[in-house]
Amino acid sequence: MPASQPHPNQEGGRNHRRQTRHRRLYGLVALALLAFLLRLGVVWALSATHSAPVTYEHGEIAENLLAGRGFSTKLLGTFGPTSQQAPLYPAMLAGLYWLFGPGSGAALLAMQVLQCAAGTVVVLAAAWLAWSLMPATRTLGWIAGIGAALYPTHLYMVTHIQVAVWSAACLTLLLALAASGWTAGRVKALSIGLLSGVLLLLDPILVLALPVVAVMLCLPPRPASLETRRCAWIVPSLGRLAIMTAATLLVISPWLWRNYRVHGELVFIKSTFGYAFWQGNNPASWGTDKIPKPSVKELLQAHDGTLAGIDRALWEARHETLYIDDVLLAPSGYRAFAGLSEPARSRLLAARAWRFIASHPDRYARLCAQRLRYFLLFDETNPKAANRLYRAATVTWLVLALVGLLAARSHWRRLWPTMLIFGSLTVFHALTIVSARFRIPIEPMSFVWAAAAVTAPLESIGARIRNAWRAARRPLVKPGHGLRGPHRKAAPRSTVADVAGRVR
């Protein structure tokens, strides 16, 4: 064979790899279409006009931006420039208000469609994260992606004008990029840094995940070479860490400067941590920012049985629930906050919370245990968490995630980033304040664990089906005619179908 022509085995190997890539691409396109169309279907099925506002502070800030009043809202009895919310989501909503009209149904529908796309990114990023962490098991990524595409809570979350779906997409994509071998060196560090900055401008609490991402970026690849064992990787790792940090600061520094100009002090993205901490820790608190009312149960049952009717009843019950502010602060007219800046008001409430904790440590311990239960199972102060489908999906998710972690215990050295981030954020919310939406950004990484619980059984079932199919198509050989030799022709072949026809 001429040297210029490729060997047949090499050509066959290239064709096989090309076909594998094509099949994977087609599978990803099908997964993306499934995720997007399912979410779009939920938006269509639940489309309705609500009597109460559904955009909360995000919508008010967006309207004030368009009206020329800046990034402002009314908080704790005072109207003015605010850092109550991270800037990115209200700014996105303001852009849609500018295109379609403030508070219009078209603007809200456009945001929901965009959130369908963000939910699709969550699905693809969950599959990518599984493949990056455990590349030897390709089935794991497909199962994690399909689970994320079908999970009822993630289907429903795209209908809410809340930042949770965007935070979930950004965090999952960030972890998948950090764990992958997509690129290396400065380009990867720069990409991770820019994405980290966007994540902070969506939800600054997720800063707890960034140290883990930084370690993932700096660790040497496995298996470690002799040069790596001699710590020659330290200097390049410090360089990548510096690039990541600089890129992150570059993204968030304009907002930090704005906060300093507005409040007269350095405020990291949001100014309301002390306020939220007080909401979850005071004599009347259930560990969240809400207090349930007996009338909520009646409203939950007041529907016509359709999906839109059930959703409308959930919203009515949600607005019937009392806020801590309305019970403890509104009756006094917020007089204690007169003349204080927004960060100072938040610090005042944080001091009240710490005094409550110091004088009632047993009560605080019970609140922490209750918040942990709310975070992992059902938030009893949120009427939407009382829905049977939500509860069934949550129990299924939790059981599969725990079983999957046990089944994948030999891979914990690769899964540790997801375990550490999930654990740290769970503990943080158990100690401070909790809400049903706070778990959504970290759920996709747990889909990798849940997929590990069913990967082996599904692969076993698939192998049995394939073997049965191959056996059904395998040619049969007549007894006495199967010998081959230099002077004997091969025995005539018969398939299973031919034998069955002759028997009939």
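Residues are termed buried when their relative accessible area is under 20%, exposed when it is over 50%, and partly exposed in between. These terms are applied below to a predicted model.

The structure holds five salt bridges, of which three are described here. One of the five joins the side chains of E443 and R439, with a distance of 2.7 Å from N to O. Both partners of this bridge are placed in the buried class, E443 as well as R439. A second bridge links the side chains of E380 and R373, again with an N to O distance of 2.7 Å. E380 has a relative accessible area of 40% and is therefore partly exposed. The corresponding value for R373 is 35%, so this arginine also counts as partly exposed. A further bridge connects R366 with D362, where the closest N and O atoms are 3.9 Å apart; this distance falls within the 4 Å limit applied to a side-chain nitrogen of Lys or Arg and a carboxyl oxygen of Asp or Glu. R366 and D362 lie in helix α17, which spans residues 361-376, and because they are four residues apart in that helix, about one helical turn separates them. D362 is partly exposed, because its relative accessibility is 46%.

Helix α1 contributes to two surface patches, one charged and one nonpolar. On the surface, R18, R21, R24 and R138 gather to form a patch of positive charge. Three residues of this patch come from helix α1 (residues 8-45), which provides the largest share. R18 is located in helix α1, and its relative accessibility of 35% is the reason why it counts as partly exposed. This value also satisfies the patch criterion, because residues of a patch must have over 30% relative accessible area.

The nonpolar patch covers about 730 Å² of the surface and is built from L25, Y26, V29, L33, L37, L40, L109 and V113. Helices α1 and α4, the latter comprising residues 105-133, each supply at least two residues of this patch. The largest share again belongs to α1, with six residues. L40 is situated in helix α1. With a relative accessibility of 31%, L40 counts as partly exposed, and this value meets the requirement of over 30% relative accessible area for patch residues.

Strands β1 (residues 72-75) and β2 (residues 78-81) pair in the antiparallel sense over four bridges. Within this pairing, S72 is positioned opposite P81 of β2, while L75 faces T78 of β2. The two strands form a hairpin with two residues between them. In the turn, L76 adopts a positive phi of about 55 degrees.

Positive phi values are also found at Y56 and I269, neither of which is glycine. For Y56, phi is near 55 degrees. This tyrosine belongs to helix α2, which comprises residues 56-66. Its relative accessibility is 22%, so Y56 counts as partly exposed. For I269, phi is near 65 degrees. I269 is placed in the loop between α11 (234-263) and α12 (273-280). At a relative accessibility of 0%, I269 counts as buried.

Another loop residue, T321, is located between α14 (307-320) and β4 (322-323). T321 has a relative accessible area of 5% and is therefore buried. The C-alpha atom of T321 is separated by 5.2 Å from that of P292, although the two residues are 29 residues apart along the chain.

Technical notes. Residues are numbered from 1 along each chain as its sequence is written. This is a predicted model: local features need pLDDT of at least 70, side-chain atom pairs count only at pLDDT 80 or more; totals for chains, interfaces and linings use all residues. Side-chain values use heavy atoms; hydrogens and water are left out. Patches are made of residues with over 30% relative accessible area and no salt bridge: like charges are joined within 9 Å, nonpolar side chains (Val, Leu, Ile, Met, Phe, Trp, Tyr) within 5 Å. Accessible areas come from the Shrake-Rupley method with a 1.4 Å probe; for residues, only the protein chains shown count as cover. Lys and Arg count as positive and Asp and Glu as negative; His and the chain ends are not counted. The place of a charge is taken as NZ of Lys, CZ of Arg, CG of Asp or CD of Glu. Buried means under 20% relative accessible area, exposed over 50%, partly exposed in between (1.4 Å probe, protein chains only). Two strands pair if DSSP finds at least two bridges between them.
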